[in-house]
Amino acid sequence: MKIGYLGPKATFTDLAVTTVFPNAEKVPYNTIPECIDAVSSGEVELGVVPLENAIEGSVNLTIDYLVHEQTLPIVGEIVAPIQQHLMVHPNHADDWTAIRYVYSHSHAIAQCHKFLHQHFKQAMYEYTTSTSAAAKFVSENPQLKIAAIANRLAAQTYGLTIVQENIHDYDYNHTRFIIVQRENGELAIDSPLYAGDKTTLMITLPKDQAGALHQVLSAFAWRKLNLTKIESRPAKTGLGNYFFIVDVDQKMDEVLIPGAIAELEALDCSVQVLGSYPYYVIK
Ligand SMILES: O=C(O)C(=O)Cc1ccccc1
């Protein structure tokens with residue numbers, strides 16, 4: 001099976017794909033939209049992209065691209081622990097404290113904010129499309145006094161020296177990656193990492209009216225449907241217009257979730273099921 005992922009080689013997404021799909025043919029894409037487009041065009045069967053980090057929150061580009069540009073069903077989710085390391089070209093292994101620029105994905109830089117503030121007040125940040133893109137750039141520019149924040153596999157893959165390990169500010173640093181497919185369908189994988197199912201809905205409220213969100217939440221509450229996430233994102237139709245992404249802690253069933261959706265539609269909300277899918281947790 002061909003699986004596209006946010007590359008280049010050795011991103012955290014790459015690690016997540018390798019763990020859950022050890023036999024897949026992996027195809028790296030430089031950006032999240034390119035990876036999603038490749039699924040849409042049928043170039044790859046599945047795509048895996050980061051969705052949310054426990055410290056930094058959502059990867060807005062993923063949510064927005066899926067909602068506004070290329071709506072594909074979510075067919076699975078992978079949750080993986082994230083460990084960030086500071087790495088330099090081996091030429092700078094002895095003078096790494098003098099680095100001027102730190103390169104990485106914006107989420108990785110945010111996850112190490114306290115560390116950077118304490119130890120690298122003089123450094124400036126350069127944002128890259130992924131952590132391994134930063135590692136690759138550092139390896140290709142030995143003349144520059146720069147460092148990357150990335151994982152251990154990236155250091156190995158691009159021949160960099162780790163000079164500070166585990167620089168993420170909080171121990172509980174996990175990221176959710178979603179698996180998308182062109183058409184909805186069950187993921188045929190039998191993994192020991194399977195940890196449960198969830199359903200993701202996108203809900204747009206009819207208009208700005210008192211108690212609207214309360215009514216939406218009560219449709220889930222009285223059915224005892226447990227929500228594990230609720231997030232608002234700009235609808236991009238005007239200031240103050242939002243839609244909500246809601247995760248329900250169970251698989252789509254025949255009664256409860258369809259009942260909640262029917263109730264929301266009766267309230268004039270529009271509801272779209274983005275996916276009902278298994279999730280896999282990497283320890
Ligand atoms: O850039 C990567 O390696 C990714 O896979 C995205 C990401 C970035 C920061 C933390 C977790 C995932």
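**Exercise 1.** Start with Gly 42, found in the loop between helix H2 (32-40) and E3. Work out whether Gly 42 is buried or exposed, and how far its C-alpha atom is from that of Gln 181.

*Solution.* A quick word first: this is a predicted model.
- Step 1: count neighbours. Gly 42 has 9 other C-beta atoms within 10 Å.
- Step 2: apply the cut-off. A residue with 12 or fewer is exposed, so Gly 42 is exposed.
- Step 3: take the C-alpha distance. Gly 42 and Gln 181 are 139 residues apart along the chain, yet their C-alpha atoms are separated by 9.1 Å.

**Exercise 2.** Go through the loop between E1 and H1 and pick out the backbone oddities at Pro 8 and Ala 10.

*Solution.*
- Step 1: check omega. Pro 8 sits in the loop between strand E1 (2-6) and H1, and the peptide bond leading into it from Gly 7 is cis, with omega near 0°.
- Step 2: check phi. Ala 10 lies in that loop too, and its phi is positive, about 80°, although it is not a glycine.
- Step 3: look at the surroundings. Ala 10 has 25 other C-beta atoms within 10 Å; the threshold for buried is 20 or more, so Ala 10 is buried.
- Step 4: set Lys 224 beside it. Lys 224, in the loop between helix H8 (212-221) and strand E13 (227-234), has a positive phi as well, near 60°. With 7 C-beta neighbours inside 10 Å, though, Lys 224 counts as exposed.

**Exercise 3.** Place strand E9 (residues 146-150) in its sheet and identify what pairs with Ala 148.

*Solution.*
- Step 1: get the strand order. The sheet is open, has 5 strands in the order E8-E7-E9-E6-E10, and its pairing is mixed. Strand E8 (124-127) and strand E10 (161-164) are the edges, each pairing on one side only. From one strand to the next, the twist averages 35°.
- Step 2: take the E6 side. Strand E6 (residues 85-88) runs antiparallel to E9, joined by 4 bridges. Met 87 stands opposite Ala 148, and Leu 86 has Ile 149 as its bridge partner.
- Step 3: take the E7 side. Strand E7 (residues 101-104) runs parallel to E9, with 3 bridges. Here Tyr 103 is the bridge partner of Ala 148.
- Step 4: check burial. 5 of the 5 residues of E9 are buried: Ile 146, Ala 148 and Ala 150 point one way, Ala 147 and Ile 149 the other.
- Step 5: add the helix. H6 lies across E6, E7 and E9, at about 150° to E9.

**Exercise 4.** Which residues come nearest to the ligand, and which domains contribute to its shell?

*Solution.*
- Step 1: list the shell. Of the 14 residues around the ligand, Thr 11, Phe 12, Thr 13, Ser 130 and Thr 131 come nearest. Helix H1 (12-20), strand E3 (46-53), helix H4 (106-111) and helix H6 (131-140) each give two or more residues.
- Step 2: sort by class. The shell has 5 nonpolar, 9 polar and no charged residues.
- Step 3: map to domains. Domain 1 (2-82 + 173-181) and domain 2 (85-164) each supply at least three residues. The assignment for the chain also gives domain 3 (197-277).
- Step 4: look at how domains 1 and 2 meet. Their centres, taken over C-alpha atoms, are 23 Å apart, and the contact takes 15 residues from domain 1 and 14 from domain 2. On the domain 1 side there are 7 nonpolar, 6 polar and 2 charged residues.

Definitions and conventions: Residues numbered from 1 in each chain as written. Predicted model: local features only at pLDDT ≥ 70, side-chain atom pairs only at ≥ 80, totals over all residues. Near = placed C-beta within 6 Å. Nonpolar A, V, L, I, M, F, W, Y, C, P; charged D, E, K, R; others polar. Domains from an automatic or database assignment. Contact = placed C-beta atoms within 7 Å. Pairing = 2+ DSSP bridges. Axes fitted to C-alpha atoms, helices over the stretch in contact; angles between N-to-C directions.
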